[in-house]
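Colleague: Please take one packed pair of elements in this model and look at it closely, then set it in the context of the rest of the chain. I would like each term given with its cut-off as you go.

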Amino acid sequence: MGLTLTEKILSAHLVEGEMVKGTEIGIKIDQTLTQDATGTMAYLEFEAMGVPRVKTEKSVAYIDHNTLQSGFENADDHRFIGSVCKKHGIYFSRPGNGICHQVHLERFGKPGKTLIGSDSHTPTGGGIGMIAIGAGGMDVAVAMGGGTYYITCPKIVKVNLTGKLRSWVAAKDVILEVLKRLSVKGGVGKVIEYCGEGVKTLSVPERATITNMGAELGATTSIFPSDETTRLFLKAQGREEDYTPLSADSDAVYDEIVEINLSELVPLAACPHSPDNVKSVEEIGNLKIDQVCIGSCTNSSLLDMLKVAHILKGKTVHPDVSLSIAPGSKQVLNMLAENGALAIMIDAGARILESACGPCIGMGQSPNSKGISLRTFNRNFEGRSGTKDAQIYLVSPEMAAVSALTGVLTDPRTLGDMPEFKLPEVFEINDNMIVPPVDEEKMDTVEILRGPNIKPFPISKQLADDIDAGVSLKVGDNITTDHIMPAGAKILPLRSNIPKISEYCFAVCDEQFHDRALEMGKSIIIGGSNYGQGSSREHAALAPLYLGVKAVITKSFARIHMANLVNAGIVPMTFADEKDYDLIDKMDELSIKDIVGQLKAGDIIKVTNKTKGFDFDVRVTLSERQKEMLYAGGLLNYTKNNA
């Protein structure tokens, strides 16, 4: 029996456990990345571990999220991260150099390597044949210190691509089709592996678009083979020596198979307010729009930008539409400037933004009240744009560009035959905005620069024998990390200040939560299915920890958030019988006796609802290692205890 590509790479990096699906395995991590919204906390955690230099092959810190400097906070965080990088052996990608996933694909990604990043869209690296996984900042800190990274050995889904995309049908439409079929929960516990003859028709940037947005499936990661297309991309980046051919064995066995004929796909859009609410242009109809935003780590490559420039050439943006464009990296922006494409965009009336995440993370460009915005991004969660009642549609750059001209949602196939767009044989390479660390013998000369906004992260205590606490909040299905800990220009600068940022915890769901949780002292949260989907931000666990949350009981969890809860020392529980969810209300008093003893005895824990006078069972599906982490009070305490 042959091996899948996923199994080959995971097996080559296996440190603990066996390749048995559903069991915990530990893998060696070759590369890490952070971004500034999660990085400050990750580096505070790394410092707390006391490891003098990173032990990975390559660790890179990117400044791409908090680039709107309306106060001292973001600039201070950037300065802190830069000083930590210089001292501890980490490469520092300065503000303006580009979005972490775009730059990492261009300059650092290597086929066959493992990468974890403190950003949920780290799977972008799968477009180049990496096992690239989004993780919490604490997991990244441990990996930088040489620690093992643990995941559940995944099921593997084969997406067999046949045919070739027709004119003006895009890679974005491929992943939207996958989301339409599998849903935002369909990838949980799985790796999505793309195979088939259709793979050869897709460029590396197109593959990266698909793996990037695979994060919205809830998948552990997504991956493409490393082939001749990959080699040519790396050669054009001056990195042909990093190329390794990699593919699944012809007789590899998969847990599921999804067949997609690229020739049959049509332009699609994800409608408000979920990436899997996918419809065709025909189904949506003649939708008047107010705004178009092109960019993000999903669709900001040179290839995307060249197509947009072609569509805009000699035309003017519709008078009722605001169009913004953010190239994904300095490399892309430079090449657009040199080949004239940037001038075309400006001439058409586009507002050119810096090479950063920008509107995708709520940093500027919020739509008007009740505005309809087409975005080439990966998420359209309610309120994420910064406008509570906005209607956000996720589309391809091609659909976004033509719609910006017409003022209505427009099928790009109306443009007729598409010219052939090819990546250059040689990219412009200038890494002057990537600062290398000092040599190890000089690290003691580097001063760590801390601003007043940088506060210590909350330390959890050893798990108590009993948890007696009230329900501070009850929420429904598909609660995202944007619900738990919102992003945006107002809140993101507080990512290094847990006491302050906690004031916004769950404000989208209940503006009184912060005050109520503090007043209660300790509490339990009740949630529905797929709780914690979306971003990797560990602040969605650290803020509740600071507010006294001891446990979260749900119907089901998203992978990264559940891991972050354990890392923080908060007990994640699921209802043994989902019907019990309906029997619990906010402010009910719950009691869990001898929780440590119950955890050691098995996975089923008895909970008493003291207010309503009944018992119910919950399940804590964790490995023995994760249980030990909870007993210790979280990953940091566990790591120190076992150093």
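Modeller: What follows starts with one packing contact, moves on to the chain as a whole and then visits single residues.

The model is predicted, and local features are described only where pLDDT is at least 70, with side-chain atom pairs counted only at pLDDT 80 or more, while totals for chains, interfaces and linings use all residues. Residues are numbered from 1 along each chain as its sequence is written, and side-chain values rest on heavy atoms, with hydrogens and water left out.

The part to examine is the packing of helix α7 (residues 204-213) on helix α8 (residues 228-236), where the angle is about 110 degrees and the axes are 10 Å apart. Helices here are DSSP runs of H or I with at least four residues, strands are runs of E with at least two, and both are numbered from the N terminus. The axes are lines fitted to C-alpha atoms, for helices over the stretch in contact, and the angle between N-to-C directions can run from 0 to 180 degrees. The two helices α7 and α8 are therefore roughly perpendicular to each other; that label covers 65 to 115 degrees, with under 35 counted as roughly parallel, over 145 as roughly antiparallel and the rest as oblique. On the α7 side the contact is made by Val204, Pro205 and Arg207, and on the α8 side by Thr229, Thr230 and Phe233, where contact means heavy atoms within 4.5 Å. By character, the residues of this contact divide into three nonpolar, two polar and one charged; Ala, Val, Leu, Ile, Met, Phe, Trp, Tyr, Cys and Pro count as nonpolar, Asp, Glu, Lys and Arg as charged, and the others, Gly among them, as polar.

In the loop between α8 and β12 (256-261) lies proline 245, which counts as exposed at 57% relative accessibility. Exposed means over 50% relative accessible area, buried means under 20%, and partly exposed lies in between, with a 1.4 Å probe and protein chains only. From C-alpha to C-alpha, proline 245 is 29 Å away from glycine 89, with 156 residues separating the two in sequence.

The setting for this contact is a chain with 21 helices and 27 strands. For 643 residues a compact globule would have a radius of gyration near 26 Å, and the 24 Å of the chain agrees with that; the radius is taken over C-alpha atoms, and the globule rule is 2.2 Å times the number of residues to the power 0.38. Along the principal axes, the C-alpha atoms fill a box of roughly 70 × 60 × 60 Å. Buried residues account for 64% of the 643 residues, and of the contacts between residues at least 6 apart in sequence, 77% join residues at least 24 apart.

Helix α5 (residues 137-144) has eight of its eight residues buried, so it is largely enclosed by the rest of the structure. Among those buried residues of α5 are Met138, Asp139, Val140 and Met144. Following α5 comes glycine 146, with a positive phi near 95 degrees.

Three further residues illustrate burial elsewhere. Threonine 4, in the segment before α1 (5-12), is buried with a relative accessible area of 0%, and, apart from residues up to four places away in sequence, it touches Ile156, Glu193, Ala248, Ala252, Val253 and Tyr254. Histidine 78 belongs to helix α3 (residues 72-88) and is buried at 7% relative accessible area; its C-alpha atom lies 7.0 Å from that of aspartate 36, although the two are 42 residues apart along the chain. Asparagine 530, in the loop between β22 (523-526) and α17 (539-546), is likewise buried, at 3%.

Backbone geometry adds some points to check. Serine 296, in the loop between β15 (291-294) and α10 (302-312), has a positive phi near 80 degrees without being a glycine, and it is buried at 2% relative accessible area. Lysine 370, in the loop between β17 (351-352) and β18 (372-375), also has a positive phi, about 55 degrees, but counts as exposed at 65% relative accessibility. The peptide bond from proline 272 to histidine 273 is cis, with omega near -5 degrees, and histidine 273 sits in the loop between β13 (268-270) and β14 (278-280).
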